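The following exchange examines how the terms applied to a structure are justified. Each reply sets a value against the criterion behind the term.

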Amino acid sequence: TELIAGIRADALAALTARERARFAAGRPRSRELAEAARAVLLDGVPMHWMLDWGTPFPLFLEAARGAGFTDVDGHHYADFCLGDTGAMFGHSPEPVAAAIRARADRGLTAMLPTADAIAVGRLLQEAFGLPYWQVATTASDANRFALRVARAVTGRPRILVFNGCYHGAVDETFVRLRDGRAVHRPGLLGQAADLTTLARVVEFNDLDALEAALRDGDVAAVITEPALTNIGIVLPEPGFHAGLRALTRRYGTLLLIDETHTISTGYGGYTRTHGLEPDLFVLGKPIAGGLPAAVWGCSAEVATRLRAVRASVDGGHSGMGTTLSANAFTLAAMRANLEAVMTPAAYARMLPLATRLADGIAGVIRARGLPWFITRLGARAEFGFLPTPPRNGTEAAHASIHALEHALHLYLLNRGVLITPFHNMTLVCPDTRSEDVERLVATLGTCLDELLAGGG
Ligand code: PMP
């Protein structure tokens with residue numbers, strides 16, 4: 001029988017079948033809701049990616065708090081997915097919940113700023129170093145707006161992304177590198193414009209390719225995460241960020257750092273921890289404790305250039321907007337989150353526990369002699385199915401094996417542990433307990449033992 005990353009294919013199939021049956025048998029209420037949903041929601045979910053968990057039918061949430069949640073059948077789970085970073089500081093953190101309660105009957109949205117906006121701006125300056133800030137509703141939007149600013153101030157058409165990137169629903173970033181050329185990401189729906197005329201794509205950690213792509217002087221911005229996290233984790237090699245900054249400066253290209261996931265690194269994200277100097281900066285997901293919100297920031301120089309461009313056009317519509325952005329409700333939550341949740345003290349709790357988690361998983365893998373790696377970026381850890389960590393997006397794509405991920409995730413889920421569905425990502429929040437970490441590590445160990453023993 002075939003071996004899949006050290007696991008027999010027949011054992012994998014047997015374990016998957018058994019775990020699918022176990023999931024279904026234990027969750028009659030979720031099954032009932034899933035059936036009712038199919039009559040009114042397209043494919044039975046309010047957002048189509050909710051089908052990507054690979055469960056026989058969607059798991060319906062009842063309530064979540066801190067590091068855990070309960071499903072509608074009464075099962076409790078330790079949550080290491082944490083809303084794929086939206087709840088990175090725990091579900092319904094008390095200061096945010098209190099701010100929401102306090103604001104709830106004092107007006108939610110009015111197209112007017114509140115005093116909270118100033119507090120938010122100061123807290124963002126303090127955490128990330130950039131002087132000027134704007135608020136959007138999703139990280140996708142914030143990236144879109146920041147890229148528009150980059151094009152406006154440079155007068156250049158193109159952007160550059162690294163292969164394997166994800167920055168949200170931002171058209172120009174939906175490109176991949178294939179045989180040295182930019183192509184559309186597979187699976188795109190309704191894509192009318194040819195995105196390869198707007199974007200260049202090179203491998204992460206490849207400064208020569210980056211320089212070749214910037215040399216023509218038509219790239220407005222490089223948009224990147226400090227480390228790739230959406231194709232598994234790909235860490236920057238020593239000198240990569242210094243080179244990226246030097247080359248972007250040399251060729252007049254702005255650097256847009258998207259911290260939406262790498263905010264796991266430490267207080268102030270990877271940017272503050274490693275002293276990056278972005279021209280534009282984006283953070284979404286956990287910025288308002290789980291409410292839809294995002295921010296983008298810019299340097300004083302970009303602000304000056306942007307004002308000059310705006311002064312030169314004759315009013316009109318900027319192409320940036322969304323009516324409910326920066327509303328009173330969201331700003332209250334964001335202020336509470338920045339003041340009392342996303343703090344150095346929170347990271348001081350998260351980081352040691354994440355280290356234990358990564359060490360624990362490394363031990364489980366090593367003890368069984370599997371050719372797998374684990375990488376950690378602060379509170380975020382990810383294991384993958386290659387003997388050594390990938391250095392770029394192409395290598396990282398080979399570290400992911402859907403059938404194997406599916407089996408592991410389902411086994412964990414059936415035993416009260418949730419990890420991120422799309423790869424093998426775990427996040428630790430300030431409320432995560434060491435028992436939760438031990439449970440994850442031990443359960444992964446028994447899963448692998450069963451797979452190695454035959455899986456039936
Ligand atoms: N940037 C990064 C780095 C992300 O990982 C994501 C989402 N996974 C986004 C932006 C987009 O966030 P949203 O879906 O909330 O717009």
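The questions and answers below treat numbering, strands, helices, domains, the ligand shell and single residues.

Q: What kind of model is this, and how are its residues numbered?
A: This is a predicted model, in which local features need pLDDT of at least 70 and side-chain atom pairs count only at pLDDT 80 or more, while totals for chains, interfaces and linings use all residues. Residues are numbered from 1 along each chain as its sequence is written.

Q: What makes residues 175-178 and 181-184 strands, and why are they called paired?
A: Strands are DSSP runs of E with at least two residues, helices are DSSP runs of H or I with at least four, and both are numbered from the N terminus. Two strands pair if DSSP finds at least two bridges between them. Strand E8 (residues 175-178) and strand E9 (residues 181-184) are joined by four bridges, and they run antiparallel; the criterion for pairing is therefore met. Within this pair, Val175 stands opposite His184 of E9.

Q: What joins E8 and E9 into a hairpin, and which turn residue has a positive phi?
A: Two residues lie between the strands of the hairpin, and Asp179 in the turn has a positive phi of about 50 degrees.

Q: Which strands are the edges of the sheet E3-E4-E5-E17, and what makes them so?
A: This open sheet has four strands with mixed pairing. Strand E3 (61-65) and strand E17 (417-418) are its edge strands, each pairing on one side only. Inside the sheet, strand E4 (residues 68-71) and strand E5 (residues 76-79) are antiparallel and share three bridges. Tyr77 in E5 is the bridge partner of Phe69.

Q: Why is one side of E6 and of E10 left without a neighbour in the sheet?
A: Seven strands form a second open sheet of mixed pairing, in the order E6-E14-E13-E12-E11-E7-E10. Strand E6 (132-136) and strand E10 (199-202) each have a single partner strand, so each stands at an edge with one side free of a neighbour in the sheet. Neighbouring strands here are turned by 20 degrees against each other on average, direction ignored. Such angles are taken between axes, lines fitted to C-alpha atoms (for helices over the stretch in contact), and run from 0 to 180 degrees between N-to-C directions.

Q: How do you know that E11 and E12 are paired, and in which sense do they run?
A: Strand E11 (residues 219-224) and strand E12 (residues 254-258) are parallel and are joined by four bridges. Thr224 has Ile257 in E12 as its bridge partner.

Q: Which helices lie across strands of this sheet, and at what angles?
A: Helix H5 (residues 139-154) lies across several strands, among them E6, E11 and E14, and runs at about 20 degrees to E14. Helix H6 (residues 207-214) lies across E7, E10 and E11, at about 160 degrees to E10.

Q: What are the two domains, and how many residues does each bring to their contact?
A: By an automatic or database domain assignment, the protein is divided into domain 1 (3-89 + 343-453) and domain 2 (94-340). Their centres, taken over C-alpha atoms, are separated by 28 Å. The contact (C-beta atoms, placed from the backbone, within 7 Å) takes 29 residues from domain 1 and 29 residues from domain 2.

Q: Which residues surround the ligand?
A: A residue is near the molecule if its C-beta atom, placed from the backbone, lies within 6 Å of it. The ligand is surrounded by 14 residues, and the closest are Thr138, Ala139, Ser140, Gly168 and Thr260. H5 gives the largest share of this shell, three residues.

Q: Why is Met111 counted as buried or exposed?
A: A residue is buried if 20 or more other C-beta atoms lie within 10 Å of its own, exposed if 12 or fewer, and partly exposed in between, with C-beta atoms placed from the backbone. Met111 has 10 C-beta neighbours inside 10 Å and therefore counts as exposed. Met111 lies in the loop between helix H3 (94-104) and helix H4 (116-128), and has a positive phi of about 65 degrees although it is not a glycine.

Q: Why is Ala326 counted as buried or exposed?
A: Ala326 has 24 C-beta neighbours inside 10 Å and therefore counts as buried. Ala326 lies in the loop between helix H9 (300-312) and helix H10 (328-340).

Methods:
Contact = placed C-beta atoms within 7 Å.
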